[in-house]
Amino acid sequence: MAIKRSSSQDKKQRLPLQRKNKYKNPVSEDSQILLPQEISEDVSQNEDKIRPQKLDDYIGQKDLKGVLNIAIAAAKQRQESLDHILFYGPPGLGKTTMSLILASEMGVNCKITAAPALERPRDIIGLLVSLQAGDILFIDEIHRLNRVTEELLYPAMEDKRLDITIGKGQSAKIRSIPLQSFTLIGATTKIGSLTSPLRDRFGLIQRLQFYQLDELTEIVKRSAQIFNVNIDSQGAEEIARRSRGTPRITNRLLRRVRDFAQVKGVEQIDQTIASEALDLHNVDRLGLDWTDRLVLSTIIEQFNGGPVGLDAIASATGEDAKTIEEVYEPYLLQIGFINRTHRGRIATEKAQEHLLG
């Protein structure tokens, strides 16, 4: 299986501002260790090794794997391409990995790109024309496709043809180019941002769920074998517990614990070593980092637990309001530390107990 990547997938992320308060991050990189959309350089070096190659080796997403197993078997029996698939859900849950597995299972090539890279019509035209029969085209952040590119995909997805307008004005002509049968796999964290015409053209629309503790523990053990790291079950579980239900964060935390153990001269990572390493990076027992705790403490201490508006929280913490809403708040809502009301955000009793503990 050949894999081609677009250079636009190298994402840059703004470093958060440093502040003078008790929640100040002593190491600037620590503040990004729990951001699932951040991909560091050492990830790319071992990415192919970490990613499972077969559906049976993929840990978690049991319901999704059941659906895809049926789709793969049916497509092989009919000797057809897979139907177009849309994966959605929070970042870091394995949408790209699942697409590569599908290509491997079908024995076809997978071309990977991101919607922001498809700015001009010729970008998507070149990709579609180069696809061989059965190939998979994976488009990350598909909700960010521009209008022209999206409309070019409509006949390609439905009728396996590409409609190109040649010339302008009264002399303009539409030329149709036949395409090989292919599978488009789109990935998005914002399915509501997709237009209905595009969303309705996908035959399978599947949501990826957050992972359970036992699943993340198995991921830690598997990745530890790949990294040649000696870790026991308690150490693996400690890393999994602080991973926010996200495999990408799990692997990142494992790397940081590995570095800590290596420098300290520890041969086997146990629960104590894992805890010391992650405490050093300000990742607490529930996976909250210093910014999460700063947001919670601001609501509790400065606004008496709320309700308080998002802009007021952003001003008090010095963080961007959109960053709080899209990066930090979802996990705090998920674990029940924040409630949203029509009057603003409210910190729950669980959040106060956690900060005090």
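1. Helices and strands are here DSSP runs, of at least four residues for a helix and at least two for a strand, numbered from the N terminus. In this predicted model, Arg201 is placed on that basis in the loop between α6, which spans 196-199, and β8, which spans 204-207.

2. The UniProt record, an unreviewed entry, assigns the feature "binding site" to Ile50, Arg51, Gly92, Lys95, Thr96, Thr97, Arg201, Tyr211 and Arg248. Three of these positions, Arg201, Tyr211 and Thr96, are taken up in the points that follow.

3. Arg201 has a relative accessible area of 23% and is therefore partly exposed, the lower limit of that class being 20%. When neighbours within four places in sequence are set aside, Arg201 is in contact with His84, Tyr154, Met157 and Glu158. A polar atom of the Arg201 side chain also lies 2.7 Å from the backbone oxygen of Pro197.

4. Tyr211 belongs to the loop between β8 and α7 (213-226), and its relative accessibility of 7% is under 20%, so that Tyr211 counts as buried. Residues up to four places away in sequence not being counted, Tyr211 touches Tyr58, Ile59, Gly60, Gln61, Leu93, Leu216, Ile219, Gly245 and Pro247. With Leu93 there is a polar approach as well, since the backbone oxygen of Leu93 lies 2.9 Å from a polar atom of the Tyr211 side chain.

5. Thr96, which the unreviewed UniProt entry also annotates as "binding site", sits in helix α3, residues 95-106. Its relative accessible area is 14%, and Thr96 is buried. Beyond residues up to four places away in sequence, Thr96 touches Ile112, Phe138 and Arg51, and Arg51 is itself among the positions that UniProt lists under "binding site".

Methods. Residues numbered from 1 in each chain as written. Predicted model: local features only at pLDDT ≥ 70, side-chain atom pairs only at ≥ 80, totals over all residues. Heavy atoms only, no water. UniProt positions renumbered as here; feature names shortened; annotations may be inferred. Buried < 20%, exposed > 50% of the residue type's maximum accessible area, 1.4 Å probe, protein only. Contact = heavy atoms within 4.5 Å. Polar contact = N/O pair within 3.5 Å; in protein donor to acceptor, adjacent residues only side chain to side chain.
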